[in-house]
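Let's walk through this fold together, from the inside out. Have the sequence and the 3D view open side by side.

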Amino acid sequence: MIIPEKLIIFHILFPLFLLASSCEHHCPLPQEKVERTIEIRQDLNSKGDGDAYLNSHITLETTNGRGDRHNIVANWTRFGDPARYRSYLNINLSEIKSSEEVMSAALILYPKPTGSDETVPDIVNQTFNQNNVQVCLVKDSWDMTTLSWINQPRYSELPEDYIVFTVPENLPTFIELDVTNLLRNIAGKTKKLNNNGFLFKMAPEANAPPYRSFVFYSLNADISKQPYFRIHLKSDQ
């Protein structure tokens with residue numbers, strides 16, 4: 001039996017018409033993806049609050065480098081004794097909405113190749129030894145006024161909660177670190193931890209020989225050299 005061509009077309013198009021008619025009233029409209037790129041810097045009203053360096057030596061273990069223009073990460077010595085420097089950095093991320101997904105995130109740091117000024121000897125500088133720095137998520141809240149080597153917050157040692165980077169022998173003007181996975185853990189729709197900032201320490205640190213270090217400008221430096229985030233976000237409108 002030969003089926004008329006018009007009847008075949010009707011049997012094909014009619015179900016499609018019913019589907020389209022049904023979706024007109026019941027099918028959800030596709031959501032539009034909205035993307036934006038932001039730079040997050042420290043609030044100028046809170047200058048001096050958000051980072052500090054610490055020293056493990058017994059003569060300095062109850063103090064911190066709060067308010068200095070530089071942060072220090074190092075395996076060094078003091079009076080001939082082994083000493084370790086650690087730095088903490090915390091920048092407010094409340095500008096990132098809970099509905100937004102962190103697509104990429106970079107932390108921009110400005111290194112200082114000749115060491116730190118004033119309270120830290122100028123000999124604390126980048127050396128020709130390979131310098132590896134570990135950046136970890138901090139698990140506990142901390143206060144600038146009480147932060148010290150003997151009063152440090154816990155930090156996460158999970159592989160997804162830290163990165164390691166090698167300090168270039170010839171230091172560039174700035175270093176851009178990919179901290180996408182770290183930011184995803186503390187901001188936006190994938191947040192699982194409170195934002196307590198980052199800990200910087202040498203890798204390895206314990207029982208590692210001097211002299212290895214990384215000095216970078218702090219939140220107390222000139223605004224053109226302060227650390228900041230550049231973050232690309234995406235959300236459903």
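**Core and sheet**

In this predicted model, the largest nonpolar core is built from 33 residues, and those with the most contacts inside it are V179, L183, F198, F200, F229 and I231. Strand β5, spanning residues 101-109, gives this core its largest share, namely 4 residues. A separate core of 10 residues lies apart from that one, with A52, Y88, C136 and L199 among its members. As a general backdrop, nonpolar side chains in soluble globular proteins tend to be buried together.

Now zoom in on I231. Leaving out residues up to four places away in sequence, I231 touches R36, T37, I38, I40, L93, I96, V102, S104, A105 and L183.

So what about the strands around here? Which order do they take in the open sheet? The 4 strands run β1-β11-β5-β8, with antiparallel pairing. At the edges sit β1 (33-40) and β8, each pairing on one side only. From one strand to the next, the twist averages 15°.

Let's cross the sheet from the β1 side. Strand β1 is joined to β11 by 8 bridges, the two running antiparallel, and here I38 stands opposite I231 in β11. That's the I231 that also touches I38 in the contact list. Next, β11 (residues 228-236) is linked to β5 through 7 bridges, again antiparallel; A106 has R230 in β11 as its bridge partner. Finally, 4 bridges tie β5 to β8 (residues 175-178) in antiparallel fashion, and I108 finds its bridge partner in E176 of β8.

Methods
Residues numbered from 1 in each chain as written. Predicted model: local features only at pLDDT ≥ 70, side-chain atom pairs only at ≥ 80, totals over all residues. Heavy atoms only, no water. Core = buried A, V, L, I, M, F, W, Y, C linked by side-chain atoms within 4.5 Å. Buried < 20%, exposed > 50% of the residue type's maximum accessible area, 1.4 Å probe, protein only. Contact = heavy atoms within 4.5 Å. Pairing = 2+ DSSP bridges. Axes fitted to C-alpha atoms, helices over the stretch in contact; angles between N-to-C directions.
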